[in-house]
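Please open the structure in a viewer and keep the sequence beside it. The tour below proceeds by selections, each followed by a description of what is found there.

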Amino acid sequence: MLSVYVKYSDISNQGNDFDGYVGNHIPFVREKLVGEGLLEIHVEASDSYPENGSLIQAVMIFDSAESFETCMQSHGNVLAADASKYVTAEPEILVAKRLS
């Protein structure tokens, strides 16, 4: 399994609509990727992030690295364009193999 973290740590600037991100973008991601290897997606938030005071991140679990790569080749541009409707901050993306 593979975990993918899409982290937004600079969420203080105006133009970020995290209600829209959670309520519209995350269901859009589910619609596109469930059945193609996405097993789970959820969003986490913290207001005690040391550098900027807060962060929000989407966590996606894929069944394999190959399915993640296939999903991003097929849908990556559309998903990024949709996310940009709600978030102006640049994401940091971490891809990690799950060990347990």
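**The largest pocket**

Begin with the largest pocket, whose volume is about 380 Å³. The model on the screen is a predicted one. To find the centre of this pocket, select V6, Y8, L79, A80 and I93, which are the closest to it of the 23 lining residues. Next, colour β1, α1, β3 and α2, the elements that each give two or more residues to the lining. The largest share belongs to α2, with six residues. If the lining is then coloured by residue class, 19 nonpolar, three polar and one charged residue appear.

**I93 and its partners**

Now select I93 alone, one of the residues closest to the pocket centre. I93 lies in strand β4, which covers residues 92-97. Is I93 buried or exposed? I93 counts as exposed because its relative accessibility is 58%, and the cut-off for that class is over 50%.

Add V4, Y5 and V6 to the selection; I93 is in contact with these residues when neighbours within four places in sequence are left aside. A distance label between the C-alpha atoms of I93 and V6 should read 4.7 Å, although 87 residues separate the two in sequence.

**The nonpolar core**

Proceed to the largest nonpolar core, which has 22 residues. Select Y8, Y21, M60 and F62, the members with the most contacts inside this core. Then show β1 (2-8), α1 (18-33), β2 (38-46), β3 (55-62) and α2 (65-83), each of which supplies at least two core residues. Among these, α1 gives the most, with five. In soluble globular proteins, nonpolar side chains tend to be buried together.

Which residues does F62 touch, beyond those up to four places away in sequence? Select M1, L2, V4, L33, G37, L38, L39, S67, F68 and C71 to display them. V4 has already appeared on this tour, as a contact of I93.

**The whole chain**

Finally, clear the selections and view the protein in cartoon form. Two helices and four strands make up its secondary structure, and their order along the sequence is β-α-β-β-α-β. Of the contacts with a separation of 6 or more, 73% join residues 24 or more positions apart.

With a surface display switched on, the accessible surface amounts to about 6000 Å², and carbon and sulfur atoms hold 49% of that area. Of the protein's 100 residues, 41% count as buried.

Conventions: Residues are numbered from 1 along each chain as its sequence is written. This is a predicted model: local features need pLDDT of at least 70, side-chain atom pairs count only at pLDDT 80 or more; totals for chains, interfaces and linings use all residues. Side-chain values use heavy atoms; hydrogens and water are left out. Buried means under 20% relative accessible area, exposed over 50%, partly exposed in between (1.4 Å probe, protein chains only). Contact means heavy atoms within 4.5 Å. A nonpolar core is a set of buried Ala, Val, Leu, Ile, Met, Phe, Trp, Tyr and Cys residues joined through side-chain atoms within 4.5 Å. On a 1 Å grid over the protein atoms alone, a cavity is a set of points where a 1.4 Å probe fits but cannot get out, and a pocket is an open set with protein on both sides within 12 Å along at least five of seven lines; lining residues have an atom within 4 Å of a point. Grid points are joined across faces, edges and corners, and a volume is the space filled by probe spheres set on the points. Ala, Val, Leu, Ile, Met, Phe, Trp, Tyr, Cys and Pro count as nonpolar, Asp, Glu, Lys and Arg as charged, and the others, Gly among them, as polar. Accessible areas come from the Shrake-Rupley method with a 1.4 Å probe; for residues, only the protein chains shown count as cover.
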